[in-house]
Number of protein chains: 2
Amino acid sequence: MPGTPTIGPAGAQGVREANLGTVLRTIRAAAPCSRAEIAAATGLTKSTVSSIVADLAARRLVREVGAPAERRVGRPGVGLALDERSIAAVGLEVNVDYLTVVAVDLLEGVLLSRHAAFDARSAGPEACAERITGLLAHTVADPLLRSRTVLGASVAVPGLVDAPSGVVTNAPNLRWTGFPLRERIAGLMARAGLPAMPLHVDNDANLGVIAEYRGGHLAGTPDLVYITGEVGVGAGILTGGALLRGSSGYTGEIGHVPLLRGGPRCGCGRRGCLEALAGVEAVLRHAVPDLMPDGPLSGAGLSRAVDAAVARAEAGDPAVRRALRRAGTWLGRGAAALVNVIDPAAVILGGYFVPLAPWLGPPCAAAVAAHSLAPDRPGRVQTSGLGLTAAARGGASALVDALDRGRLPLPERAPAPP
Amino acid sequence: MPGTPTIGPAGAQGVREANLGTVLRTIRAAAPCSRAEIAAATGLTKSTVSSIVADLAARRLVREVGAPAERRVGRPGVGLALDERSIAAVGLEVNVDYLTVVAVDLLEGVLLSRHAAFDARSAGPEACAERITGLLAHTVADPLLRSRTVLGASVAVPGLVDAPSGVVTNAPNLRWTGFPLRERIAGLMARAGLPAMPLHVDNDANLGVIAEYRGGHLAGTPDLVYITGEVGVGAGILTGGALLRGSSGYTGEIGHVPLLRGGPRCGCGRRGCLEALAGVEAVLRHAVPDLMPDGPLSGAGLSRAVDAAVARAEAGDPAVRRALRRAGTWLGRGAAALVNVIDPAAVILGGYFVPLAPWLGPPCAAAVAAHSLAPDRPGRVQTSGLGLTAAARGGASALVDALDRGRLPLPERAPAPP
DNA sequence: TGGATTAGTTTGGTTATTGGACGAACACAG
DNA sequence: CTGTGTTCGTCCAATAACCAAACTAATCCA
C-alpha cells in the first residue's frame with residue numbers, strides 16, 4: 001500500500017516534474033546514452049524524451065557528448081550525459097568535536113571537503129551558527145564553486161531537529177534546545193550581504209543514511225539503517241527509499257534503549273542505555289582509560305583517543321580488544337531491536353565506529369544474528385565507506401536528490417559550450 | 001523526503017486518478033457537500049470537479065442527495081454523498097482458533113460479519129483454503145451482497161506473507177510454510193464456477209493497523225502501531241500513512257525480541273521471547289493454569305479461557321490480576337523497543353488483549369513510558385475498538401482504500417435511481 | 001548506388017486541467 | 001411581485017503535456 005495520497009490538485013506540471021526526474025535519473029544511471037535508449041528504458045515516447053532532454057539541457061543539467069564508440073547498423077545516437085560543471089550543493093555537519101563541509105556536483109563527486117576540530121559544546125549555539133555561516137560563505141566563494149549555481153546548503157546536527165522549520169529541538173550532546181538554526185544562518189548571511197539560498201537542517205543520522213543510499217557501497221538499497229558513532233548513538237532509517245520521521249521526530253533514538261538493568265549511568269539519567277554501553281565515549285573509557293579525562297572531552301580529544309585505541313588494537317592489546325568486543329556485542333543487541341522492527345537490508349556502522357570496525361564489527365554482526373528473528377543474512381552489518389563526512393555528504397546529496405525527483409529550481413540558461 | 005520516485009512514465013491518466021481520489025476522499029469527509037465546496041476544498045476548478053463527479057456518479061460511487069438544509073443567499077448547491085448501495089468488499093481472517101468474514105460497503109459500514117471457532121492448525125492448509133473459499137462463496141451469494149459489485153476479497157493470515165504473490169511464506173502458529181494461498185483460493189473458486197475477483201493475502205497485523213487507520217478511534221493518524229494478541233504477538237506498522245514492509249517482510253516481528261535472559265522457553269526454540277512472556281497463550285497459562293491443557297489448545301479453547309480469565313479478574317482474583325500485570329509490563333517493554341525506533345503516535349492493543357486490557361493496559365502503558373526516550377504522551381497506549389474482526393475489516397478497508405486513491409476498477413453503469 | 005536500419009524531429013491527435021462567460025436558482029429589498 | 005445581487009453548475013475555448021505515426025537524417029552493408 002503506497003503512502004498517504006498527496007494533498008492538493010494534480011495537474012500537468014506534476015506529470016512533467018515526474019518525467020523530468022525519470023529522465024534525469026535514467027541518464028545518471030546509463031550515461032552516456034541516446035534519447036532512443038532513454039525512451040526504451042522509461043517507456044516514454046521518443047518525442048517526449050526529446051522535449052524533456054531539451055528542457056534539461058536548457059538548464060545545463062544535461063549535455064550532448066560525442067556519439068558512443070559502439071558502432072552498429074543504422075543512424076548512431078548522440079550520447080547524453082549529466083553536465084557536472086553547472087551546479088553545486090553544499091552539506092555541513094556540526095558535531096560535538098568537529099565541523100565538516102562538503103560540496104558536491106551533479107554527479108555527487110566531491111568538489112571540496114574540509115574537516116576541522118571544533119568544540120561546539122563550549123562554543124554555544126550562537127557562536128556555532130556564526131562559525132557555520134562563515135564556513136558556508138567561504139565555501140561558496142571558493143573558485144571551485146564560483147562559476148556554479150549553488151542549489152542550497154544543508155546542515156546536519158546530532159539531535160532532534162524539526163526539519164520543516166529548521167529548529168534544533170533538542171541536541172543533548174551539544175546542549176542546545178529550541179535553537180532556530182536555519183533562521184539564524186539565514187539572518188547572518190543576509191547581514192553579511194550574501195545571496196539567499198535554500199537552507200535545510202536535519203538530524204545527522206537521517207542525512208547519513210541518505211548519503212549511504214545515494215553514494216555508499218549499498219547505494220540504491222531502499223531499506224537501510226545507518227548508525228552514527230559519535231558521542232551519541234543514533235540511527236537514520238530509510239524504508240522504501242524514504243526517511244522514517246515518525247510522529248514527533250524521535251525515530252531511531254536507539255541511543256537510549258535500555259539494554260542492561262543496573263548498567264552504567266547514562267547522560268540521560270537512566271542506567272544501561274546503549275549509549276552508555278557502546279557509545280564511542282563509553283567505549284574509549286574502557287579501551288583507553290588512561291587517555292580519557294575525567295570531565296567531558298573537548299576539541300580533537302575524541303579523535304585522538306580513537307586513533308590511539310586503533311593503534312593499540314592493531315598492536316594486539318588484549319584489554320582494548322576485549323573492550324571493543326564487548327561494545328560491539330552491546331551495539332549488536334541494540335541494532336537487533338531495530339532489525340526486528342524495521343527489517344532493513346543492512347545496518348551500516350558509521351562515524352567513529354568505522355575505524356573501530358575491524359574489532360567491533362564481527363561481534364556486532366554476531367549479536368544481530370543471534371537476536372533477530374529473520375533468517376541470518378550474511379553482510380547484514382556493514383561498515384560505512386564515507387567516514388566522518390557521511391552526514392555532510394548526505395545533506396548535499398539530499399539537495400541533488402530534489403533534482404532527481406524533477407524539482408528543478410533553476411532558470412533556463414544559454415546552452416553550455418561543448 | 002518523499003519515497004522512491006515511481007517508476008514508469010507519468011501521464012494524464014495518472015493525474016485523473018489522483019484527482020478522482022482527492023474528490024472521492026473529500027466527499028467522504030465532508031458529505032453532503034456541493035461541487036463548489038469540493039472545488040474550494042481541493043483547489044481544483046469547478047469545471048474539473050464537475051467532470052470528476054460525473055465520472056464517479058457513472059460508476060455509482062457518488063450520488064446526488066437533496067439540497068442541503070442550510071439556507072444562504074445565492075443558488076443552493078446540490079448535495080453529494082457517497083453511494084453506499086453499490087459496492088462491497090470482503091475481508092477474511094484465518095487464525096489459529098477462528099475464522100472471520102466481514103463485508104463492508106463504500107462507507108466501510110459493516111454489511112455482514114461472521115465469526116466461527118475453527119481449528120486451523122489441525123485442519124491443515126489445503127482444508128483451510130477450502131473452508132475459506134466456501135465462506136467467501138457463501139458471503140458473496142448473501143442477499144445483502146448479491147446486488148453489489150464486489151471489489152475483491154482479502155485474507156489475513158498470522159504469519160509471514162509475500163503480499164504481491166499471495167504466498168504464505170511461514171506461519172509458525174498455523175504450521176504452514178510456502179503455501180500459495182491466493183492461487184489455491186482462485187483455483188477452488190474457478191472450479192466451483194464462481195466469478196473471478198481480485199484476491200489479496202496479507203499479514204494479520206498489517207491489516208489490523210489498516211483497520212485502525214481507517215476505522216478505529218484514531219482513524220486518520222498516519223503513524224500507528226497495532227499489536228495483535230492472538231496465539232502469536234505481532235505488530236503492524238504504519239508510517240506516514242503507509243505500511244512498513246521492510247526488505248523481506250519481517251517487519252514488526254516483535255514476538256521474538258529477547259526480553260529476559262534465561263526466561264521461559266518459546267515455540268521458536270529460544271528463551272525469554274516476548275511471545276513466551278506476554279503472548280495470550282503464555283498469559284493464560286499463568287493466569288488460569290487450571291483451564292489450560294498440557295498440549296496445544298484447539299478450537300474455541302483459547303476464547304473460553306480468555307473469558308474465564310476476564311471473569312476471575314473482574315471478581316478480583318489476585319493471582320489472575322498479578323499474571324496480567326506482569327504480562328502487561330513485558331508487553332510494554334517490547335512495545336517500547338518499537339516506540340523508540342518508530343515513534344508512532346499510538347500503540348494499539350488488539351485481538352485477545354482487548355478484553356484483558358483493563359488489567360494489562362495500565363502496566364503496559366507504564367512500561368512504555370518508562371522505557372521510551374520521547375517525552376511521555378498520555379494515551380500512547382490504546383485499546384482497539386475493533387476486537388477480533390480488526391484484521392478482516394482491515395482487509396476489506398484496504399480494498400476500499402484503492403478507490404480512495406482513485407483506482408476505480410469499475411465499469412460505467414446507468415446512473416443509480418434516486 | 002540503393003536498401004535496410006536505427007535516431008531524432010515534426011505534425012496531428014488525445015486527455016485532462018484551466019479560466020472565463022453564461023444561464024439557473026434562490027434570497028432579499030423595494 | 002418584480003428586479004437585483006449572489007452563488008452554483010455547465011459550456012467552451014485555450015493550454016499543457018503526452019502519444020502515435022510519419023518523416024528526415026545518418027550510417028552500414030551489399
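**Notebook: strands, a helix, domains and two buried residues**

**Entry 1. The three-stranded sheet of chain B**

I began at Val168(B), which stands opposite Phe179(B) in S9(B). The model I am reading is a predicted one. I then traced the strands around this pair. Strand S8 of chain B covers residues 167-171 and is joined to S9(B) by three bridges, the two strands running antiparallel. I next asked in which order the strands of this open sheet follow one another. The order is S7-S8-S9 in chain B, three strands with antiparallel pairing. Strand S7 (160-162) and strand S9 (176-179) of chain B are the edge strands, each of them pairing on one side only. On average, neighbouring strands of this sheet are turned by 20 degrees against each other, direction ignored.

**Entry 2. The three-stranded sheet of chain A**

I looked up the sheet with these strand numbers in chain A. In chain A an open sheet of three strands also reads S7-S8-S9, and its pairing is antiparallel. Its edges are strand S7 (160-162) and strand S9 (176-179) of chain A, and each pairs on one side only. Here the average turn between neighbouring strands is 20 degrees, direction ignored. Strand S8 (residues 167-171) of chain A pairs with S9(A) in the antiparallel sense, over three bridges. For a residue pair I noted Asn170(A), which stands opposite Thr177(A) in S9(A).

**Entry 3. Strand S3 of chain A**

I turned to strand S3 of chain A, residues 87-94, and asked how many of its residues are buried. Eight of the eight are buried, so S3(A) is largely enclosed by the rest of the structure. I then sorted the side chains by direction. Ile87(A), Ala89(A), Gly91(A) and Glu93(A) point one way, while Ala88(A), Val90(A), Leu92(A) and Val94(A) point the other way; all are buried. I record that Glu93(A) is among these buried residues.

Next I followed the pairing of S3(A). S3(A) and strand S6 (residues 149-157) of chain A run parallel and are joined by six bridges. Within that pairing, Leu92(A) stands opposite Val155(A) in S6(A). Six bridges also join S3(A) to strand S4 (residues 98-104) of chain A, but these two strands run antiparallel. Val94(A) stands opposite Leu99(A) in S4(A). S3(A) and S4(A) form a hairpin, with three residues between them.

**Entry 4. Helix H3 of chain A**

I checked the length of helix H3 (residues 46-58) of chain A against what its residue count predicts. At 1.5 Å a residue, its 13 residues should span 18 Å, and the end C-alpha atoms are 18 Å apart, which agrees.

Which residues of H3(A) are buried? They are Val49(A), Ile52(A), Val53(A), Asp55(A), Leu56(A) and Ala58(A). I set beside this the general rule for helices. An α-helix has 3.6 residues a turn, so residues three or four places apart point the same way. I then asked what covers the buried residues of H3(A). The cover includes helix H1 (12-30), helix H2 (35-42), strand S1 (62-65) and strand S2 (79-82), of chain A. After H3(A) comes Arg60(A), whose phi is positive, near 60 degrees.

**Entry 5. Domains of chain A**

I looked up how chain A is divided. The assignment gives domain 1 (12-82), domain 2 (88-206 + 393-404) and domain 3 (217-385). I note that domain 2 is listed in two segments. The C-alpha centres of domain 1 and domain 2 of chain A lie 33 Å apart. Six residues from domain 1 and six residues from domain 2 make up the contact. Between them, domain 1 and domain 2 of chain A bury about 590 Å², with 58% of it on carbon and sulfur atoms.

**Entry 6. Two buried residues of chain B**

I asked whether Val209(B) is buried or exposed. Val209(B) has a relative accessible area of 0% and is therefore buried. Val209(B) lies in helix H8 (residues 204-215) of chain B. Leaving aside neighbours within four places in sequence, Val209(B) is in contact with Leu224(B), Val225(B), Tyr226(B), Gly236(B), Ile237(B), Leu238(B) and Leu243(B). Tyr226(B) is 17 residues away along the chain, yet the two C-alpha atoms are separated by 5.1 Å.

I then looked up Thr239(B), which lies in strand S12 (residues 233-239) of chain B. Thr239(B) has a relative accessible area of 12%; the cut-off for buried is under 20%, so Thr239(B) counts as buried. With neighbours within four places in sequence left aside, Thr239(B) is in contact with Pro222(B), Asp223(B), Leu244(B) and Ile342(B), and also with Leu244(A).

How values were computed: Residues numbered from 1 in each chain as written. Chains lettered and ligands numbered in written order. Predicted model: local features only at pLDDT ≥ 70, side-chain atom pairs only at ≥ 80, totals over all residues. Heavy atoms only, no water. Pairing = 2+ DSSP bridges. Helix = DSSP H or I, 4+ residues; strand = E, 2+ residues; numbered from the N terminus. Axes fitted to C-alpha atoms, helices over the stretch in contact; angles between N-to-C directions. Expected span 1.5 Å × (residues − 1). Buried < 20%, exposed > 50% of the residue type's maximum accessible area, 1.4 Å probe, protein only. Contact = heavy atoms within 4.5 Å. Domains from an automatic or database assignment. Buried area = accessible area lost by both parts, 1.4 Å probe.
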